[in-house]
Amino acid sequence: MVQVKNQLTLQEFIELPPGEGDITYEFIDGIAVAKMSPKKFHSKLTRALLYLIDEWCQEKGEVCPELAVKLIRKGKDWMPIPELLYLSAERFPEDWEEDVACFVPPDLVIEIISPGQTYGQLNAKAKDYLDAGVLRVWVVDSKARSITVFYPDAPPQTYMGDTLLIDSLFPGLELTAEQVFKKAGIINKIIPS
């Protein structure tokens, strides 16, 4: 993972010029850290999840891909960019009219493990999201063909195959890992390392 080494404030990070090419930076511990560049399967999974959640959340809230969110991590400003985030209508700020990062903890954050990342890294990141006030975190593992749901008050639960993912926080949203992979068009394919 590439890092820009100078210590920055959150405001200095926000004012940085855009990265070159397809480089996106997250703000972690005062450092601009390059986010892994998504590959084909990662992108297809993001699109499939966006479609499935967007279809469900009409008039319930908003789902957004690759939207930075301002949070606090271990007492410091933190600005991650999850693959998807969902904000319910109840949490959606009425005064959010500017083209800026999300400034409230979302109901749901979805991270997809990219080549070069480990489940352990995203497990730690999921805990940071929960500590920052995010209500649920889903970590999608394309190699294991699974979705692990992290809760603030219970151990994580992993869903595979046709096991139905249902959560009282998202009434009416029902999906399976197999449904997501099928929607992404990567059913029965071996995901390269």
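## A walk through strands, bridges and charges

Thr 163 is partly exposed, because its relative accessible area is 42%. That value falls between the cut-offs of 20% for buried and 50% for exposed. Bear in mind that this is a predicted model. Thr 163 sits in the loop between S11 and S12. Compare its place with that of Gln 179. The two residues are 16 residues apart in sequence. In space, their C-alpha atoms are 9.9 Å apart.

Step back from this loop to strand S11, residues 157–160. Its partner is strand S10, residues 146–150. The two strands run antiparallel, and four bridges join them. Look for Thr 148, which stands opposite Thr 158 in S11. Together S10 and S11 make a hairpin, with six residues between them.

S10 also pairs with S9. Five bridges join S9 to S10, and this pair is antiparallel too. Here Val 140 has Ile 147 in S10 as its bridge partner. S9 and S10 form a hairpin as well, with four residues between them.

Now look at how S10 is covered. In a regular strand, side chains alternate between the two faces of the sheet. Which residues lie on each side of S10? Ser 146, Thr 148 and Phe 150 are on one side. Ile 147 and Val 149 are on the other. Both faces are covered, and these residues are all buried. The count for the strand is five buried residues of five.

Stay with the turn between S9 and S10. Arg 145 lies in this loop. Its phi is positive, about 55 degrees, although Arg 145 is not a glycine. Is Arg 145 buried or exposed? Arg 145 counts as buried because its relative accessible area is 19%, and the cut-off for buried is under 20%.

Glu 66 is another residue with a positive phi that is not a glycine. Its phi is about 50 degrees. Glu 66 is found in the loop between strand S4 (61–65) and S5. It counts as partly exposed because its relative accessibility is 36%.

Arg 145 leads us on to the salt bridges. Side chains of opposite charge can pair when their charged atoms come close. How many salt bridges does this model have? The count comes to four. Let us visit three.

Start with Arg 145 itself. Its side chain meets that of Glu 178 in a salt bridge, at 3.7 Å from N to O. Glu 178 lies in helix H4 (residues 177–183) and Arg 145 in the loop between S9 and S10, so the pair ties together parts that are 33 residues apart in sequence. Glu 178 is partly exposed because its relative accessibility is 22%. Arg 145, as we saw, is buried at 19%.

Next come Asp 167 and Arg 136. They form a salt bridge, and the closest N and O atoms are 2.6 Å apart. Arg 136 belongs to strand S9 (residues 136–141), while Asp 167 is in the loop between strand S12 (165–166) and strand S13 (174–175), so this pair ties together parts that are 31 residues apart in sequence. Both Asp 167 and Arg 136 are buried.

Then turn to Asp 128 and Arg 73. How far apart are the closest N and O atoms of this salt bridge? They are 2.8 Å apart. Asp 128 is in helix H3 (residues 119–131) and Arg 73 is in strand S5 (residues 71–73), so the pair ties together parts that are 55 residues apart in sequence. Asp 128 counts as buried because its relative accessibility is 11%. Arg 73 counts as buried too, because its relative accessibility is 14%.

End at the surface. Here Glu 94, Asp 95, Glu 97, Glu 98 and Asp 99 gather in a patch of negative charge. Pick out Glu 97. Its place is in the loop between strand S7 (84–88) and strand S8 (108–112). Glu 97 counts as exposed because its relative accessibility is 71%, and the cut-off for exposed is over 50%.

How values were computed: Residues are numbered from 1 along each chain as its sequence is written. This is a predicted model: local features need pLDDT of at least 70, side-chain atom pairs count only at pLDDT 80 or more; totals for chains, interfaces and linings use all residues. Side-chain values use heavy atoms; hydrogens and water are left out. Patches are made of residues with over 30% relative accessible area and no salt bridge: like charges are joined within 9 Å, nonpolar side chains (Val, Leu, Ile, Met, Phe, Trp, Tyr) within 5 Å. Accessible areas come from the Shrake-Rupley method with a 1.4 Å probe; for residues, only the protein chains shown count as cover. Lys and Arg count as positive and Asp and Glu as negative; His and the chain ends are not counted. The place of a charge is taken as NZ of Lys, CZ of Arg, CG of Asp or CD of Glu. Buried means under 20% relative accessible area, exposed over 50%, partly exposed in between (1.4 Å probe, protein chains only). Two strands pair if DSSP finds at least two bridges between them.
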